[in-house]
Amino acid sequence: MTAGLTVLAQLSDGAARTSTGEAVLFWIVGALAVIGALGVVTAPKAVYSALFLAMTMIGLAVLYIAQDAPFLGVVQVVVYTGAVMMLFVFVMMLIGVDSSEALVETIRGQRVAAVVAGFGFGILLIAGIGNVTTEAGFIGLAEANSGGNVEGVAALVFTRYLWAFEVTATLLITAALGAMVLAHRERFGHRKTQRELAEERFRDGGYPTTLPPPGVYATRNAVDVPARLPDGSDADISVNPMLRPREEQ
């Protein structure tokens, strides 16, 4: 993210050289990115917020590519949108956190801390862009990518902006911890022991072994054909209750 802001800040001499196509692309993609960012904080469900964030990331990738930073745009799509973000989406969909559970604060004061952290990050972002604009100035994309886009990004990330890059990398750790908080469930009842689970299994006609799959020792191997027991009778329990057992001829 820091590298992307740096590349975007290193524009050419100003907006006077911006073509009509670039302006149209910026206003369309930029508006979609802002809409996605607003959706992240206003969506009623966590899954929707993650999808809106993926929308914002894709919009930023398009802007990176438009600013002659193809490597950064591809990394934004492949790593952040395609891998990290979709991983969180799948985790949240498997967890099944609904809106009523999302409104319950498991950590005291997390909303206030989030507001303070967001406000502080906004100040740092404005200060960084202002510093580049007033002191460093714009060096132009041609000079920034003189040795190649990959080399230019690596030189900025691992030399001048190394500390900022390391701090930004902690956002992934924060996101992982957030997923762990969402997945956490308080256990209010008694945790059953292995002995209690075994007693429940054999109670009320339970079977000590796994049930035979349908079609075993039958003339047809299908999901609706009951398996054969050792005495030759049909094991009706081997067929799914949703299906009607087929009568073999």
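1. Starting from the outside: the protein chain exposes about 17,600 Å², and carbon and sulfur atoms supply 67% of that area. Keep in mind while reading that this is a predicted model.

2. On burial, 22% of the 249 residues of the protein chain count as buried. As for how the chain folds back on itself, take the contacts with a separation of 6 or more: residues 24 or more positions apart account for 53% of them.

3. The layout is easy to follow. I get ten helices and two strands in the protein chain. Reading from the N terminus, the order is α-α-α-α-α-α-α-α-α-α-β-β, so to speak a run of helices with the strands at the end.

4. Helix H2 deserves a look. It covers residues 20–42, and at 1.5 Å a residue those 23 residues should span 33 Å; the end C-alpha atoms are 33 Å apart, so the expected and modelled spans agree.

5. Which residues of H2 are buried? Val29, Gly30, Ala33, Gly36 and Gly39 are. What they pack against is helix H3, residues 46–66. As a reminder, an α-helix has 3.6 residues a turn, so residues three or four places apart point the same way.

6. H2 also has a part on the surface. Val24, Ile28, Leu32, Ile35 and Met55 form a nonpolar patch there, with about 420 Å² of accessible area together. H2 gives the largest share of this patch, four residues.

7. Take Ile35, one of the patch residues, which lies in helix H2. Is Ile35 buried, partly exposed or exposed? Its relative accessible area is 48%, and because exposed means over 50% and buried under 20%, Ile35 counts as partly exposed.

8. Now the inside. The largest nonpolar core has seven residues, namely Ala50, Ala54, Met57, Met85, Phe88, Val89 and Met92. Two elements, H3 and helix H4 (70–95), each give two or more residues to this core, and the largest share, four residues, comes from H4. For background, nonpolar side chains tend to be buried together in soluble globular proteins.

9. Within that core, Ala54 is a handy residue to click on. Which residues does Ala54 contact, leaving aside its neighbours within four places in sequence? Thr81, Met85 and Met86. Of these contacts, Met85 is itself listed in the core.

10. Putting the pieces side by side: H3 is what the buried residues of H2 pack against, and H3 is also one of the elements that give two or more residues to the largest nonpolar core, along with H4.

Note on methods. Residues numbered from 1 in each chain as written. Predicted model: local features only at pLDDT ≥ 70, side-chain atom pairs only at ≥ 80, totals over all residues. Heavy atoms only, no water. Expected span 1.5 Å × (residues − 1). Buried < 20%, exposed > 50% of the residue type's maximum accessible area, 1.4 Å probe, protein only. Contact = heavy atoms within 4.5 Å. Areas by Shrake-Rupley, 256 points an atom, 1.4 Å probe, with all protein chains shown as cover. Patch = residues over 30% accessible without salt bridge, like charges linked within 9 Å, V, L, I, M, F, W, Y side chains within 5 Å. Salt bridge = Lys/Arg side-chain N within 4 Å of Asp/Glu carboxyl O. Core = buried A, V, L, I, M, F, W, Y, C linked by side-chain atoms within 4.5 Å.
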